[in-house]
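Open the model in your viewer and keep the sequence panel in sight. We will go from stop to stop, selecting residues as we go.

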Amino acid sequence: MEKRIKVIEFSGESCANCYSLMPILYSLVSSYDDVDLKHIEVSEESMEVVAKYEIDRVPTILILKDEVEVGRCRGYQPEEILAIWLDSKIEDARKK
């Protein structure tokens, strides 16, 4: 059974860039059959996972394969740039 690739998006409640990025990221990730997307709102309840992944700003996008980080993107990126970055990192993850 092949392991799936995870994309985790960390965002903040009052972060305008996070809200702008979410629909773009969901649309891009939906085109991959072997990728799961998870959204984590940074709050007191999520501090354990935020610390685990050393998230220091939002938005942050992580790409994991077998729970190992293969990509990290901090801050808002335009859709065209994000699409190129995702393609590259997901391809890297598939090779691992």
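**Stop 1: the cores**

This is a predicted model. Start with its largest nonpolar core, which has 18 residues. Select Val7, Ile61, Ile63, Leu82 and Leu86, the residues with the most contacts inside this core. Which elements give two or more residues to this core? Colour strand 1 (5–11), helix 1 (16–29), strand 3, strand 4 (68–74) and helix 3 (79–95) to see them.

Now stay on Leu82. Leave aside its neighbours within four places in sequence. Leu82 is then in contact with Leu21, Ile24, Leu25, Leu28, Ile61 and Gln77.

Clear that selection. A second core is separate and has 8 residues. Pick out Ile8, Phe10, Ile40 and Leu62, which are among them.

**Stop 2: Thr60**

Go to strand 3, which covers residues 60–65. Select Thr60, which lies in this strand. Is Thr60 buried or exposed? Thr60 has a relative accessible area of 0%, so it counts as buried; the cut-off for buried is under 20%.

Show the side chain of Thr60. It reaches the backbone oxygen of Arg57 at 2.5 Å. What else does Thr60 touch, not counting residues up to four places away in sequence? Select Ile8, Glu9, Phe10, Ile55, Arg72, Cys73 and Arg74. Two of these names, Ile8 and Phe10, also appeared in the second core.

**Stop 3: the loop ahead of strand 3**

Move to the loop between helix 2 (47–52) and strand 3, where you find Pro59. Zoom in on the peptide bond from Val58 to Pro59. This bond is cis, with omega near -5 degrees.

Glu54 lies in that loop between helix 2 and strand 3 too. Check its backbone. Phi of Glu54 is near 55 degrees, a positive value in a residue other than glycine. Turn on the surface. Glu54 has 61% relative accessibility, so it counts as exposed; exposed means over 50%.

Next, select Asp56 and Arg57. They form a salt bridge, with the closest N and O atoms 3.6 Å apart. Arg57 is partly exposed, at a relative accessible area of 46%. You met Arg57 at the last stop, where its backbone oxygen was reached by the side chain of Thr60.

**Stop 4: between strand 3 and strand 4**

Follow the chain to the loop between strand 3 and strand 4 and select Asp66. What is unusual to check here is the backbone: Asp66 has a positive phi of about 55 degrees, although it is not a glycine. Asp66 is partly exposed, with a relative accessible area of 42%.

Then select Glu69 and Arg72. These two residues form a salt bridge, and their closest N and O atoms are 2.9 Å apart. Glu69 is partly exposed at 37% relative accessible area. Arg72 also counts as partly exposed, at 23%. Arg72 is one of the residues that Thr60 touches.

**Stop 5: helix 3 and a network**

Where do Arg94 and Glu91 lie? Both are in helix 3, 3 residues apart, about one turn of the helix. Show their side chains. They meet in a salt bridge, 3.7 Å from N to O. Arg94 is partly exposed, with a relative accessible area of 35%. Glu91 is partly exposed at 35% as well.

Add Asp34 to the selection. Asp34, Glu91 and Arg94 are linked in a network of salt bridges. How many salt bridges does the structure hold? The count is 7.

**Stop 6: zoom out**

Show the whole chain as a cartoon. You should find 3 helices and 4 strands. Trace them along the sequence, and the pattern reads β-α-β-α-β-β-α. The radius of gyration of the chain is 13 Å, close to the 12 Å that the globule rule gives for 96 residues, so the chain is as compact as a globular protein of that length.

Rotate the C-alpha trace. Along its principal axes it spans about 35 × 30 × 15 Å. Colour by burial next: of the 96 residues, 40% count as buried.

Now think about contacts. Take those between residues at least 6 apart in sequence: 64% of them join residues at least 24 apart.

Finish with the surface on. The accessible surface of the chain comes to about 5,800 Å². Carbon and sulfur atoms account for 50% of that surface.

Definitions and conventions: Residues numbered from 1 in each chain as written. Predicted model: local features only at pLDDT ≥ 70, side-chain atom pairs only at ≥ 80, totals over all residues. Heavy atoms only, no water. Buried < 20%, exposed > 50% of the residue type's maximum accessible area, 1.4 Å probe, protein only. Polar contact = N/O pair within 3.5 Å; in protein donor to acceptor, adjacent residues only side chain to side chain. Contact = heavy atoms within 4.5 Å. Core = buried A, V, L, I, M, F, W, Y, C linked by side-chain atoms within 4.5 Å. Rg over C-alpha atoms; globule rule 2.2 N^0.38 Å. Areas by Shrake-Rupley, 256 points an atom, 1.4 Å probe, with all protein chains shown as cover. Salt bridge = Lys/Arg side-chain N within 4 Å of Asp/Glu carboxyl O.
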